[in-house]
Structures are given as structure tokens and as C-alpha cells.
Amino acid sequence: MRQVPGTGALTEEQAGRILADINEVIRAGEEMRRLRGELIQVLVGLGWTQETIARLAGMSQPAVSKQLAARGRTEDAPEPTTPRLDLDQRDTPWLEGRLWAVAEEITETLDGTARCTRYVAALERGRRRFTPENVDELRRLVEDDLRLRRAELPDGLRAAYDGISRALDLPAEATGTAATPARTSGSASVRRALARRLQRDRLRDDRSAL
């Protein structure tokens with residue numbers, strides 16, 4: 001481990017890790033700003049007014065207008081296609097968002113002691129991306145939690161995960177529900193965010209109904 005002259009006991013490896021951590025935070029912030037802008041665009045396409053969006057987002061109405069103008073959108077020109085908001089969709093980003101929600105519910109139910117807890121935190125901080133390898137790893141951790149902590153978890157989590165897992169293992173074309181542009185409107189990040197929120201709400205509604 002090399003020490004850089006004039007830096008005391010700090011090594012190049014340590015400095016590199018510090019800067020890498022900072023870069024991850026900056027990158028995550030940029031991604032969240034971009035995602036917020038895309039979600040604003042989707043909400044306008046669903047017919048929401050700029051005033052309502054601004055109130056919910058904690059922004060000014062001019063700031064919302066600026067976000068839309070930067071993407072060539074206005075309130076008078078809604079999206080030609082708007083996203084479906086039901087959970088039964090088979091494109092990969094949608095399923096990844098649902099998987100993320102199940103993992104979050106598991107880690108909250110188990111008070112941060114779940115095997116998937118650190119992975120969930122890494123996703124939230126932008127330290128992990130939704131690559132096929134990372135999704136496989138998250139699935140393995142969720143499966144471990146559902147198997148090893150079954151008695152502590154609501155049955156709805158297992159049922160939701162099983163449906164997500166089967167869909168991820170089966171190509172959309174094989175199900176007869178191949179994606180069309182109208183079904184998958186919005187970027188992958190937007191679709192993950194929508195599916196994540198809808199899945200969490202469904203899980204909580206199911207739990208409160210018991």
C-alpha cells in the first residue's frame with residue numbers, strides 16, 4: 001500500500017476508496033434528479049397538473065415547468081402513451097422494481113437483520129445497479145430470508161416473490177405478453193420506481209386486510 005508524499009499516513013488505496021465513495025454519492029444524486037424529472041413527465045402524461053405535482057414534490061410550479069421544458073414537454077402536450085399501473089406486467093425493469101419492494105419489506109419487517117438488508121441499502125444509495133448478476137444475487141438473498149425467517153414474515157411476501165421469480169425466469173415472449181411500447185412507456189428507472197411503490201402499497205394493503 002503506497003503512501004503519497006505529503007499525505008501523512010493516507011495510502012493511495014485509502015484515498016481511492018474515499019473518492020470512489022464520494023463519486024457514488026454524486027452519481028446517485030444525479031440519477032435521482034434525472035428520475036424525478038422523468039416521473040414528473042409521466043405524471044403530466046397521466047393528467048396531473050403542474051401545481052399538484054409541485055406540491056407533492058416539494059417544488060415550485062416554475063421549477064416543475066423548467067423540468068418539463070428541459071425535456072421538451074408541456075402540460076398541454078401529454079405523453080402519447082402512459083404507463084399501465086397494474087402489477088401484472090412482465091418487462092424486466094417492472095419485475096426488478098417489484099423485487100426491490102419485496103426486499104425492502106423483508107428488511108423492514110426484520111428490523112434490518114435480514115440477509116438482504118445490506119443489498120437493499122446499496123440499491124438505495126446507488127452503490128448497486130440492476131445488472132443481471134446483481135438481480136440474481138438479490139433474489140438469492142431474498143430467498144434465504146424467506147426460507148430461514150419464514151415464521152417472522154407475512155405469507156404475502158412469499159406469494160409476491162414467487163410470482164416475480166417465475167416471471168423473471170420466463171422470457172416475456174414465452175408468456176404471450178411480450179412488451180409493446182405502450183406497455184413499457186417510461187425509462188427502466190421510472191418503471192422500477194413505479195413498480196416498487198405499487199408493490200409496497202399492495203403488500204401493506206394485504207397485511208392491513210388480515
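**Exercise 1. Determine which residues Leu 35 contacts in this predicted model, leaving aside neighbours within four places in sequence, and place those contacts in the fold.**

Solution.
Step 1. Beyond its neighbours within four places, Leu 35 is in contact with Ser 189, Val 190 and Ala 193.
Step 2. Leu 35 is found in helix α1, and Ser 189, Val 190 and Ala 193 are in α9.
Step 3. Leu 35 and Ser 189 lie 154 residues apart in sequence, yet their C-alpha atoms are 6.7 Å apart in space.
Step 4. The cut-off for a buried residue is under 20% relative accessible area. Leu 35 has 14% relative accessibility and therefore counts as buried.

**Exercise 2. Describe how α1 and α9 pack.**

Solution.
Step 1. Two packed helices are described by the angle between their axes and the distance between the axes.
Step 2. For α1 and helix α9 (residues 188–208), the angle is about 75° and the axes are 9 Å apart. The angle makes α1 roughly perpendicular to α9, since angles of 65 to 115 degrees count as roughly perpendicular.
Step 3. On the α1 side, the residues that meet α9 are Leu 35, Glu 38, Leu 39 and Val 42; their counterparts in α9 are Ser 189, Val 190, Ala 193 and Leu 194.

**Exercise 3. Identify the buried and exposed residues of α2, and state what the buried ones pack against.**

Solution.
Step 1. In helix α2 (residues 50–57), Gln 50, Ile 53 and Ala 54 are buried. These residues cover an arc of only 100° around the axis, and therefore lie on the same side of α2.
Step 2. An α-helix has 3.6 residues a turn, so residues three or four places apart point the same way.
Step 3. Arg 55 and Leu 56, on the other side of α2, are exposed.
Step 4. The partners of the buried residues are α1 (12–45) and α3 (61–70).
Step 5. After α2 comes Gly 58, with a positive phi near 70°.

**Exercise 4. Compare the span of helix α6 with the expected value, then examine its buried residues, including Asp 144.**

Solution.
Step 1. Helix α6 (residues 132–148) has 17 residues, which at 1.5 Å a residue should span 24 Å. The end C-alpha atoms are 24 Å apart, in agreement with that expectation.
Step 2. The buried residues of α6 include Val 135, Leu 138, Leu 141, Val 142 and Leu 146, and among them are also Asn 134, Arg 139, Asp 144 and Asp 145.
Step 3. Their cover includes α4 (92–109), α5 (117–124) and α7 (155–169).
Step 4. Asp 144 counts as buried because its relative accessibility is 10%. Not counting residues up to four places away in sequence, Asp 144 touches Arg 115 and Arg 149.
Step 5. Asp 144 and Arg 115 are 29 residues apart along the chain, and their C-alpha atoms are separated by 7.2 Å.

**Exercise 5. Locate Asp 111 and state what is notable about its phi.**

Solution.
Step 1. Asp 111 is found in the loop between α4 and α5.
Step 2. Most residues other than glycine have a negative phi. The phi of Asp 111 is positive, near 55°.
Step 3. With 67% relative accessibility, Asp 111 counts as exposed, the cut-off being over 50%.

**Exercise 6. Summarise the chain as a whole.**

Solution.
Step 1. The protein chain has 9 helices and 0 strands.
Step 2. Of its 210 residues, 35% count as buried.
Step 3. Among contacts with a separation of 6 or more, 68% involve residues 24 or more positions apart.
Step 4. The accessible surface of the chain is about 12,200 Å², and carbon and sulfur atoms contribute 52% of that surface.

Conventions:
Residues are numbered from 1 along each chain as its sequence is written. This is a predicted model: local features need pLDDT of at least 70, side-chain atom pairs count only at pLDDT 80 or more; totals for chains, interfaces and linings use all residues. Side-chain values use heavy atoms; hydrogens and water are left out. Buried means under 20% relative accessible area, exposed over 50%, partly exposed in between (1.4 Å probe, protein chains only). Helices (H or I, at least four residues) and strands (E, at least two) are DSSP runs, numbered from the N terminus. The arc is that of the directions from the helix axis to the C-beta atoms. Contact means heavy atoms within 4.5 Å. The expected span of a helix is 1.5 Å times one less than its number of residues. Accessible areas come from the Shrake-Rupley method with a 1.4 Å probe; for residues, only the protein chains shown count as cover. Axes are lines fitted to C-alpha atoms, for helices over the stretch in contact, and angles run from 0 to 180 degrees between N-to-C directions. Angles under 35 degrees count as roughly parallel, over 145 as roughly antiparallel, 65 to 115 as roughly perpendicular and the rest as oblique.
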